[in-house]
Amino acid sequence: MRRTMVINVAGLGRDLIAEIPTLAAMAKRGLFLPLEPVLPATTCPMQATFLTGEPPARHGIIANGLYFPDTAEVRFWEQSAHLVGAPRIWDLPPSKNPKSEIRNPKWKVALLFWQQSLYGTADIILTPKPIHAPGGGLIQDCWSRPGDLYERLAAGKSALEPGQPRGPFNLMHYWGPMAGLGSSRWIADATLEVWRTERPDLLLTYLPHLDYSGHRAGPESEAHRAAARELEPLLGALVGAAEDDGARVIILSEYSFVPVRRAVAPNRALRQAGLLAIREVAGGEYLHAGDSQAFAMVDNQVAHIYFPRTADPAGDTRKVRRLLEGLDGVAEVLDRDAQAARGLDHIRSGDLVALAEPDAHFTYYWWLDDAKAPPFARTVDIHAKPGFDAAELLIDPARKCIPVSAEGIRGSHGLAPEDGRGWGVFLMSEPPKDLAGRRSIRATEVAHELA
């Protein structure tokens with residue numbers, strides 16, 4: 001197999017290619033296609049699709065979070081590779097690989113900062129895995145294979161800035177109000193080191209930088225374009241290193257951002273309809289999913305609605321569907337048949353799935369009085385919240401904490417419309433024959449282009 005470097009640039013849209021000279025040059029001499037996402041076009045479902053060639057209905061990663069009915073808990077950003085219910089491209093037997101004539105059964109695969117990689121079959125893995133200490137503290141750490149890889153990277157010298165120490169990965173630069181270029185710079189630096197020293201045949205890495213400006217400022221902002229320009233030194237170094245070794249380079253994104261102006265809180269509507277189970281403890285209101293007749297697990301512009309405890313499933317489904325369809329900002333509500341038509345009919349999917357209007361996004365909020373928001377609502381706590389919270393990227397200057405309002409969010413993603421809004425991009429340094437003349441590429445086709 002010819003060595004291949006895959007760089008996943010989160011939130012990279014077609015309009016930003018011109019802001020990054022390295023990508024503009026690649027688009028001119030190589031292949032540049034819009035990338036049609038699966039539904040939902042969010043991080044974990046898209047990454048699982050890229051690596052398996054299957055839609056969420058087959059691989060089971062139906063959102064960035066999952067509802068576990070046996071424990072009646074929603075857990076976001078679970079990292080185990082065993083949650084993905086389809087084989088990755090490097091695990092396929094040659095008979096199942098369309099490019100089996102070039103498949104090398106001894107691929108050496110490196111997976112850096114991709115989701116659901118923990119305990120997987122890749123030879124080299126690097127992923128954030130902080131340890132939650134007693135008393136609410138956090139010990140920053142990354143899990144790696146080989147086991148000493150992260151320690152070696154943290155103790156080594158920078159590949160981007162020769163002579164400078166690389167230092168440990170700072171999780172605060174990866175997500176939250178302090179998130180910024182520092183996380184992508186560290187990942188790019190570590191990627192260069194792994195590429196040169198471990199020499200994988202297939203390396204996949206992830207640069208999150210545009211996710212922050214996309215949510216905070218929106219895709220039409222100068223801040224978002226400026227963030228794209230900040231990626232040029234990192235992408236220039238990565239692409240240069242790969243091409244110096246005669247390797248192929250693939251640049252892709254899971255989605256691009258669409259501007260949003262309003263937030264929709266389906267759990268508040270469900271609560272007002274008497275379907276949500278809430279308990280007040282020490283002045284804060286907590287959701288009890290397992291005791292609710294219906295609740296929503298939200299992820300950007302898509303919301304999964306579950307019915308954990310209902311005596312009348314058909315009746316409650318009709319009631320909730322009418323309620324959601326009447327909410328300002330909800331475009332469509334999918335039942336199981338409609339989910340099947342969209343490739344989302346997995347057992348983990350909601351009994352109903354709500355899709356936002358293009359200019360709206362969902363929030364997980366269930367409290368009706370901000371004074372009764374649970375304490376974790378004002379913190380960066382991605383595992384305690386039963387929904388994606390873009391407001392974790394912001395700060396309430398008066399209270400010096402995360403706001404319990406999403407009014408400051410200007411961009412979102414998750415829908416997969418046919419008109420191309422919110423689609424990602426796909427660039428290759430050398431155009432393959434099987435994509436000649438194509439006007440776009442589907443997310444489910446990406447896996448077989450990695451071979």
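**Salt bridges and enclosed space**

At 9% relative accessibility, Arg166 counts as buried in this predicted model, and its salt-bridge partner Asp189, with the closest N and O atoms 3.0 Å apart, is likewise buried, having a relative accessible area of 5%. Because the limit for burial is under 20% relative accessible area, Arg166 at 9% and Asp189 at 5% both meet it. The pair links distant parts of the chain, since Asp189 belongs to helix α5 (residues 181-197) while Arg166 sits in the loop between α4 (149-155) and α5, 23 residues apart.

A second pair joins Arg268 to Asp370, with 3.9 Å between the closest N and O atoms. Arg268 lies in helix α9 (residues 266-272) and Asp370 in the loop between β20 and β21, 102 residues apart, so that this pair too links distant parts of the chain. Here Arg268 is partly exposed at a relative accessible area of 23%, and Asp370 is partly exposed at 36%.

Arg442 and Glu445 meet through their side chains in a salt bridge of 3.4 Å, N to O; Arg442 is partly exposed at 43% relative accessibility, whereas Glu445 is buried at 19%. Elsewhere, a network of salt bridges links Glu19, Glu222, Arg225 and Arg229, and the count for the structure comes to 28 salt bridges.

Turning to enclosed space, a search of the whole structure finds four cavities of 30 Å³ or more, and the largest holds about 70 Å³. Its lining comprises 14 residues, with His361, Phe362, Phe388, Asp389 and Ala390 nearest the centre, and β20 (360-362) and β21 (411-412) are the elements that each give two or more residues to the lining. By class, the lining residues are seven nonpolar, six polar and one charged.

How values were computed: Residues numbered from 1 in each chain as written. Predicted model: local features only at pLDDT ≥ 70, side-chain atom pairs only at ≥ 80, totals over all residues. Heavy atoms only, no water. 1 Å grid on protein atoms, 1.4 Å probe; cavity = no way out; pocket = protein on both sides within 12 Å on 5 of 7 lines; lining within 4 Å. Points joined across faces, edges and corners; volume = space filled by probe spheres on them. Helix = DSSP H or I, 4+ residues; strand = E, 2+ residues; numbered from the N terminus. Nonpolar A, V, L, I, M, F, W, Y, C, P; charged D, E, K, R; others polar. Salt bridge = Lys/Arg side-chain N within 4 Å of Asp/Glu carboxyl O. Buried < 20%, exposed > 50% of the residue type's maximum accessible area, 1.4 Å probe, protein only.
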